[in-house]
Amino acid sequence: MKTVVVLLCVCLPFLVLWLTYRVKLLRKVGSIIVAYVIGCGLGLSGLIPDTGEMHAVQTAVASVAIPVAIPLLLFSADLKEWSRLAPAFIKSTCFGLLGCTMAITVAFLVCGQGDPERFAHIGGMLTGLYTGGNANLASLKVALGVDNTTYILTSAYSTVMSAVYLFFVIIFGKRVLRLIMPSGKPSEDPVDSTVKIDSHDDELFLGLFRRDNLPHLAKGLLLTIGIIAMGAGVASLFAKEAFQSVFILTISLLAVLSSLHKGVRRLQRTFEAGTLFILIFSVAVASQVSVKTLTDVNPQMFLFITIATLGSLLFHVLLSALFRLDTDTTLTTSVSLICSPPFAPVVGSVLHNKSVIGPGIAVGLFGYAIGTYMGFALAQLLLAMA
């Protein structure tokens, strides 16, 4: 069954490409959204057993896909474009962190008065999760002395709400935010800016596997493998709990440094190849949704996490709109903080704006660095408020 799950996660993205090429409506929706819908459908269908063993396989596929995707997506990076975006991303990061703490505080005031210690700990863990990811969630469990049941439920419910949040951002986010703030400016491909195409998915399907592009893709993949090997080597020198953060940081840095070489930047279709691995990642993550996860709910905890998740986005958007930040910067920053750095390429692909990917990853890595400290501090503050 493990082999079947791996094959489904790897092969379904090719079906996604074919569907988005053949069906005009799906082409407008976008390949990333289609991949998430198919992945969720697969998970809810019950075809994949809802067991820890199967989830480990799905997580492993996602964990392999992202390190391959990030270098391929960053090989065509334009550092001049990044420097132009930096001030806006710094502001947006501050607003995202502030929005997260405001939302969790509101959730605590609404839901946490009956059991303040437990919900203060949940708030602290969510702060770490929504600024740095699961590594900080786990470290805060230990730091705050959270029991296993609370930790497991917090992780499960936040996964569900993060999926709802991500679907909203991907499907409606830019359309809604455009009503109250400026639209982001999509970056142009420095290699293929003269090629006129109807959509990103057309380019991805029609251009990726052309014979004249295969040598470029082979070189890009070989360079990616080398970067992954070096990243793993550097990360292995650090403590185990820091491995993921150091690994992502290292491969991102090496990919960006590689992009300084004109020969690397001119490799054809590396961005599209990276997007294919993002589709694999999307199917693997979305297929972990199950009927049991959606139905076996502790109402008070779920309400707390719902307010925290959606409130983080709401406060972030309101602050960004007040200071006239653009939609692409706001959405990328929000997703990188709440869903972790690997999701920055997902948002960049949906927005058709790859210039936000690098800064988005940097924002998420910054969240990794401070998330545990923020979570511990907020938990103590919430306890003092009780």
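A salt bridge here is a side-chain nitrogen of Lys or Arg within 4 Å of a carboxyl oxygen of Asp or Glu. By that rule, the count in this predicted model comes to one.

Before you start clicking: the model is predicted, so local features need pLDDT of at least 70 and side-chain atom pairs count only at pLDDT 80 or more, while totals for chains, interfaces and linings use all residues. Residues are numbered from 1 along each chain as its sequence is written, and side-chain values use heavy atoms, with hydrogens and water left out.

**Stop one: the salt bridge.** Select Lys2 and Glu53; their closest N and O atoms are 3.2 Å apart. Lysine 2 sits in helix 1 (residues 2–22) and glutamate 53 in helix 4, so the pair ties together parts that are 51 residues apart in sequence. Helices, by the way, are DSSP runs of H or I, at least four residues, numbered from the N terminus. Buried or exposed? Buried means under 20% relative accessible area, exposed over 50%, and partly exposed in between (1.4 Å probe, protein chains only). Lysine 2 is partly exposed at 42%, and glutamate 53 is partly exposed at 47%.

**Stop two: the big core.** Stay with helix 4 (residues 52–74), which gives the largest nonpolar core its largest share, twelve residues. A nonpolar core is a set of buried Ala, Val, Leu, Ile, Met, Phe, Trp, Tyr and Cys residues joined through side-chain atoms within 4.5 Å. This one has 95 residues, and Tyr36, Leu126 and Phe304 touch the most other members. Now select Tyr36: leaving aside residues up to four places away in sequence, its contacts (heavy atoms within 4.5 Å) include Leu166, Phe167, Phe281 and Phe343. Another core, of five residues, lies apart from the largest one; Phe89, Leu97, Leu337 and Val356 are among its members.

**Stop three: a helix pair.** Show helix 8 (residues 148–177) and helix 15 (residues 299–322). They pack at an angle of about 35°, with their axes 9 Å apart. Axes are lines fitted to C-alpha atoms over the stretch in contact, and angles run from 0 to 180 degrees between N-to-C directions. Among the residues that meet are Tyr157, Met161 and Phe168 in helix 8, and Phe302, Ile305 and Leu313 in helix 15. The contact residues divide into 14 nonpolar, five polar and no charged. For that tally, Ala, Val, Leu, Ile, Met, Phe, Trp, Tyr, Cys and Pro count as nonpolar, Asp, Glu, Lys and Arg as charged, and the others, Gly among them, as polar.

**Last stop: Lys292.** Look in helix 14 (residues 291–295). Lysine 292 is exposed, at 56% relative accessible area. Add Leu44: the two are 248 residues apart in sequence, yet 9.1 Å apart in space, C-alpha to C-alpha.

Note on methods:
Helices (H or I, at least four residues) and strands (E, at least two) are DSSP runs, numbered from the N terminus.
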